[in-house]
Amino acid sequence: MSTSGENLRIDPDRLWSSLMEMAQIGPGVAGGNNRQTLSDADNEGRHLFRRWCADAGLEIGVDRMGTMFMTRAGADPDALPVYIGSHLDTQPTGGKFDGVLGVLAGLEVVRSLNDLGIRTKHPIVVANWTNEEGARFAPAMLASGVFAGELSLDYAYARTDQEGLRFGDELQRIGWVGEEEVGARRMHAYFEYHIEQGPILEAENRQIGVVTHGQGLWWLEFTLIGKEAHTGSTPMAMRVNAGLAMGRILELVQAVAMENQPGAVGGVGQVTFSPNSRNVLPGTVVFTVDIRSPDQAKLDAMRARIEAGAHEIAKELGVGCAVEAVGHFDPVSFAPELVERVRASADKLGYSHMDIVSGAGHDACWIAKVAPATMIMCPCVDGLSHNEAEDISKEWAAAGADVLLHAVIETAEIVPSAP
């Protein structure tokens with residue numbers, strides 16, 4: 001079998017089997033997964049991944065954020081490694097492929113190289129980043145953010161979940177506090193393979209998304225303070241209604257996003273009412289606005305408009321309003337030479353492809369700050385993600401993994417076999 005031409009492919013059945021076995025850990029209630037960061041299920045998934053990596057001959061390293069780095073040695077001990085990474089944690093009602101596909105496809109790349117006896121000049125490292133989702137501990141992409149120097153270790157350890165449990169304490173509890181300093185590793189290149197989490201590739205009937213850019217993001221947490229009062233006996237004109245203020249701010253977010261088309265999105269996915277009783281006006285409403293754009297100026301202008309408008313709405317209604325930025329990254333341009341390598345690999349393998357901008361945040365967005373990085377995407381059914389009904393086909397999974405294999409081999413450089 002050729003070790004450089006289009007005949008070189010991963011084992012699609014083995015990759016799919018690994019995905020399905022990992023999906024048995026932290027099952028959801030509707031066919032997906034609930035394997036949230038630093039939960040017992042996350043711990044179990046980590047141990048399974050470590051066992052598979054050990055069977056593939058990889059050496060484990062863990063940093064102080066609990067990120068797992070699994071290394072296949074290269075022929076040149078001084079050559080910087082080529083990294084393949086994503087995440088094993090999920091949303092509370094997450095799918096079986098978001099993040100997991102990228103980690104296990106990285107493992108499948110290594111397994112395939114082992115099967116074929118291919119040696120590379122550069123080491124290859126498969127990474128499982130801690131807390132990419134940010135569902136339990138905001139912000140998202142926490143470990144990669146610390147790795148890139150954008151967030152501090154102390155800040156990360158102090159993050160709390162809705163029960164008040166600290167990230168650092170939970171990391172200690174499940175036994176994944178490593179000894180490596182976060183960010184000490186240097187990279188030759190970084191690849192991340194992911195489902196699109198949107199409908200474009202499927203609608204365009206393309207097998208591969210060549211990711212050129214990533215959208216920037218602001219997560220703005222609003223705290224509105226009104227007055228708890230009986231919904232039946234409090235006159236309308238005498239209410240201090242934090243719920244009404246929230247509703248008007250949601251309309252504002254929609255309007256701002258629509259005014260900035262194309263290339264902008266905005267919405268609210270998390271709301272907490274207190275006391276959350278059907279016949280009590282809320283005294284406190286906390287919700288998070290998520291706005292994104294690949295255009296830095298547009299992103300920042302949207303944030304300014306929404307914050308100013310929210311304060312005006314709250315003032316008009318007599319409601320207190322505080323805003324905290326709980327998540328942010330700037331728009332990302334991925335390394336042109338790696339983007340072209342992905343495109344060329346798809347061409348060589350005969351897979352249909354198109355350039356695409358990542359609508360979601362990924363660890364690659366932070367790693368691109370400190371190393372050449374890019375992403376590969378495959379379609380997902382109806383563009384559905386962060387949902388237990390998330391689905392892909394075995395063929396889609398394999399096509400992207402094949403492209404990943406070839407792009408990594410080109411970057412890590414095959415060492416010719418001895419005659």
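H362 touches E132, M141, E192, H194, Q197, M375 and M377, leaving aside residues up to four places away in sequence. The model in which these contacts are found is a predicted one. Along the chain, H362 belongs to the loop that runs between strand β15 (353–358) and helix α11 (363–367). Is H362 buried or exposed? Its relative accessible area is 0%, and because buried means under 20%, H362 counts as buried.

The aromatic residues come next. How many aromatic pairs does a search of the whole structure find? The search gives 10. A pair of aromatic rings is described by two quantities, the distance of the centres and the angle of the planes. For F222 and F287, the centres are 5.2 Å apart and the planes differ by 5 degrees. Planes under 30 degrees apart count as stacked, so the pair of F222 and F287 is a stacked one. This pair links distant parts of the chain: F222 is in strand β8 (residues 216–225) and F287 in strand β12 (residues 284–293), 65 residues apart. Both F222 and F287 are buried.

Ring pairs also join several residues into a cluster, made up of F69, Y83, W129, F147 and Y190.

Two arginines lie over tryptophan rings. R46 is placed over the face of W176, 5.3 Å from the ring centre. In the case of R111, the charged end sits over the ring of W52, at 5.6 Å from the centre of that ring. A charge sits over a ring if, among other conditions, CZ of Arg is within 6 Å of the ring centre.

Conventions:
Residues are numbered from 1 along each chain as its sequence is written. This is a predicted model: local features need pLDDT of at least 70, side-chain atom pairs count only at pLDDT 80 or more; totals for chains, interfaces and linings use all residues. Side-chain values use heavy atoms; hydrogens and water are left out. Helices (H or I, at least four residues) and strands (E, at least two) are DSSP runs, numbered from the N terminus. Buried means under 20% relative accessible area, exposed over 50%, partly exposed in between (1.4 Å probe, protein chains only). Contact means heavy atoms within 4.5 Å. Rings of Phe, Tyr and Trp (its six-membered ring) pair if their centres lie within 6.5 Å; planes under 30 degrees apart count as stacked, over 60 as edge-to-face and the rest as tilted. A charge sits over a ring if NZ of Lys or CZ of Arg is within 6 Å of the ring centre and within 35 degrees of the ring normal.
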